[in-house]
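Student: Hi! Could you walk me through a structure today?
Tutor: Sure, let's put it up and talk it over.

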Amino acid sequence: MNEVPTTMFAWTKTIDSTGGFTRIEHPVPIPAAGEVLVKTHSTSICGTDIHIWKWDQWSRENVPLGTITGHETCGEIVGLGDGVNSHSLGDLVAIECHLACWDCPRCNEGNAHICENGSIFGVHSNGAFGPYFVIPAVNARQIPEGLDPGYASIQDPLGNAIHTLTGGPVKGATVAIHGLGPIGLLAVNAAKAMGAAKIIAVDWENTYRMNLAKSLGADLVIGKENDIVAEILAATDGRGVDNSCEFSGSPQALANTVHSTRMGGYVNILSVYGNSMPEVPMNEVVFRYLHIKGINGRKMWSTWDTMHDLLKQELIDVDTILTHRMSIDDFEQAIDLAIVGNCGKVVLDFN
Ligand SMILES: NC(=O)c1ccc[n+]([C@@H]2O[C@H](COP(=O)([O-])OP(=O)(O)OC[C@H]3O[C@@H](n4cnc5c(N)ncnc54)[C@H](O)[C@@H]3O)[C@@H](O)[C@H]2O)c1
Ligand SMILES: [Zn+2]
Ligand SMILES: [Zn+2]
């Protein structure tokens, strides 16, 4: 194993404006008790990174200037803090970015993903757009045997997709995926892998992603040229789907889910909305007896277990979803590509 250097260059949010990243020198962090030091293999670009790039109100309130961002990542353990015996040097790990206290009522009831004292790695504290990072050992999940380490960084968004899907029935169920960004595409493929009876994929006008959805297992792909609610009803004997998942962030799509989910069905919402008060047809929710659920992060660790089962069986077509692999040197171009959207998942490699 190569020796760990004392300093490193990392992409850092330094300037209080759109863009505003510089690649500057930092000390390589030293793992505290209970932490591991990871040498970054790959870090993928998340919608959250785009928010931070655009420096919207949420980012300004949450990301301290000077933070090394990036949270969808994987790498090799090259240092162990005191008391860490769950991991060994050389282990390949993917990161759960929700940092929990493990000692509040939410953590104790098994909901550490919504820990009352939680924070997000690479948002509230330094993350993985640099060559080394530290993380609590419990957040460093061993990657399934045989999985290409270059693919492992997508476990954070794949986990989001599976957590959302499993808010309702999947095996043998009719499922609609609204919004075919990277997470929606992963959800289409995971629904297929988990045995959904019919998968309806909905975007607005991103034909690149609509075509990808078709090859990832969607039975029907629709967009702005279609009457979305009418098409979903027609494809489900007029009933609506069992399980609608909302990944678009569009209030119109949210309303569509309510109108196109069957009586007593499930609407699971991962999206974050620009305006936090989208209009929801509430009487439809009531009279259709819908189960509406907000989804945050991934369950620790049942979502990870489900995901690893699927990855081990090679049921997730990572190769198709991961459309662009670029060098970390090209960080700014990669963000531009993700903003334009002619891509699935964009991954930055460090080697
Ligand atoms: N809650 C969480 O823990 C969590 C975690 C990660 C991401 N998110 C949120 O999940 C969502 C999905 O993330 P992503 O990066 O895959 O999204 P993205 O923004 O890359 O993609 C959204 C897609 O929705 C499509 N779209 C726009 N209007 C639509 C409409 N009316 N109907 C159907 N599709 C429409 C767009 O063309 C685009 O392809 C985002 O809102 C993101 O902020 C939430
Ligand atoms: Zn993310
Ligand atoms: Zn907690």
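Here is a chat about the overall build, the metal site and some individual residues.

Student: Before we start, what kind of model is this?
Tutor: It is a predicted model.

Student: Okay. How many helices and strands are there in the protein?
Tutor: The protein has 12 helices and 18 strands.

Student: And what radius of gyration does the protein have, next to that of a compact globule?
Tutor: The radius of gyration is 20 Å, which agrees with the value near 20 Å expected for a compact globule of 351 residues. Along the principal axes, the C-alpha trace spans about 65 × 40 × 35 Å.

Student: How much of it is buried?
Tutor: Buried residues account for 55% of the 351. The accessible surface is about 15000 Å², and carbon and sulfur atoms hold 50% of that surface.

Student: What about contacts between residues 24 or more positions apart?
Tutor: Those make up 68% of the contacts that have a separation of 6 or more.

Student: Charges next. How many positive and negative ones are there?
Tutor: There are 22 positive and 39 negative charges, and their mean positions lie 7 Å apart.

Student: Let's switch to the metal. Which residues are the protein donors of the zinc ion?
Tutor: For the zinc ion (ligand 2), they are Cys 46 through SG, His 71 through NE2 and Glu 72 through OE, at 2.1 to 2.8 Å. Along the chain, these donors follow the spacing C-x24-H-E.

Student: Are His 71 and Glu 72 buried or exposed?
Tutor: His 71 is buried at a relative accessible area of 4%, and Glu 72 is buried at 0%.

Student: What does Ile 45 touch?
Tutor: Beyond its neighbours within four places in sequence, Ile 45 is in contact with Glu 72, Phe 129, Ala 334, Ile 335, Ala 338, Lys 345, Val 346 and Leu 348. Glu 72 in that list is also a zinc donor.

Student: Where is Ile 45 found?
Tutor: Ile 45 is in the loop between strand S3 (35-44) and helix H1 (47-54). Its relative accessible area is 5%, so Ile 45 counts as buried. The C-alpha atoms of Ile 45 and Ile 154 are 9.3 Å apart, with the two positions 109 residues apart in sequence terms.

Student: New topic, helix H4. Why is it described as largely enclosed?
Tutor: Because 11 of the 11 residues of H4 (residues 155-165) are buried, the helix is largely enclosed by the rest of the structure. Among them are Asp 156, Asn 160 and His 163.

Student: And which residues of H8 are buried?
Tutor: In helix H8 (residues 251-259), they are Ala 253, Leu 254, Ala 255, Asn 256, Thr 257 and Val 258. Their cover includes strand S11 (174-178), helix H7 (228-234), strand S14 (241-246), strand S15 (261-269), H9 and S16.

Student: Now backbone oddities. Where is there a cis peptide bond?
Tutor: It joins Met 300 and Trp 301, with omega at about 20°. Trp 301 sits in the loop between strand S16 (291-294) and helix H10 (302-312).

Student: What is phi for Trp 102 and for Tyr 289?
Tutor: Trp 102 has a positive phi near 60°, and Tyr 289 has a positive phi of about 55°. Neither residue is a glycine.

Student: Where are they, and how accessible is each?
Tutor: Trp 102 lies in the loop between strand S7 (98-99) and helix H3 (105-108), and is partly exposed at 34%. Tyr 289 lies in the loop between helix H9 (282-287) and S16, and is exposed at 63%.

Student: Last one, the histidines. Is His 87 buried or exposed?
Tutor: His 87 counts as buried, at 8% relative accessibility. Its place is the loop between strand S5 (72-80) and strand S6 (92-95). Its contacts further along the sequence than four places include Val 36, Ile 77 and Gln 142.

Student: And His 324?
Tutor: His 324 lies in strand S17 (residues 322-327) and is partly exposed, with a relative accessible area of 22%. Residues that His 324 touches include Tyr 208, Leu 337 and Cys 343. From the C-alpha of His 324 to that of Ala 338 is 9.8 Å.

Conventions:
Residues are numbered from 1 along each chain as its sequence is written. Chains are lettered from A and ligands numbered from 1 in the order in which they are written. This is a predicted model: local features need pLDDT of at least 70, side-chain atom pairs count only at pLDDT 80 or more; totals for chains, interfaces and linings use all residues. Side-chain values use heavy atoms; hydrogens and water are left out. Donors are N, O and S atoms within 2.8 Å of the metal (3.2 Å for Na, K and Ca); water is not among the atoms, so sites may look incomplete. Buried means under 20% relative accessible area, exposed over 50%, partly exposed in between (1.4 Å probe, protein chains only). Helices (H or I, at least four residues) and strands (E, at least two) are DSSP runs, numbered from the N terminus. The radius of gyration is taken over C-alpha atoms; the globule rule is 2.2 Å times the number of residues to the power 0.38. Contact means heavy atoms within 4.5 Å. Accessible areas come from the Shrake-Rupley method with a 1.4 Å probe; for residues, only the protein chains shown count as cover. Lys and Arg count as positive and Asp and Glu as negative; His and the chain ends are not counted. The place of a charge is taken as NZ of Lys, CZ of Arg, CG of Asp or CD of Glu.
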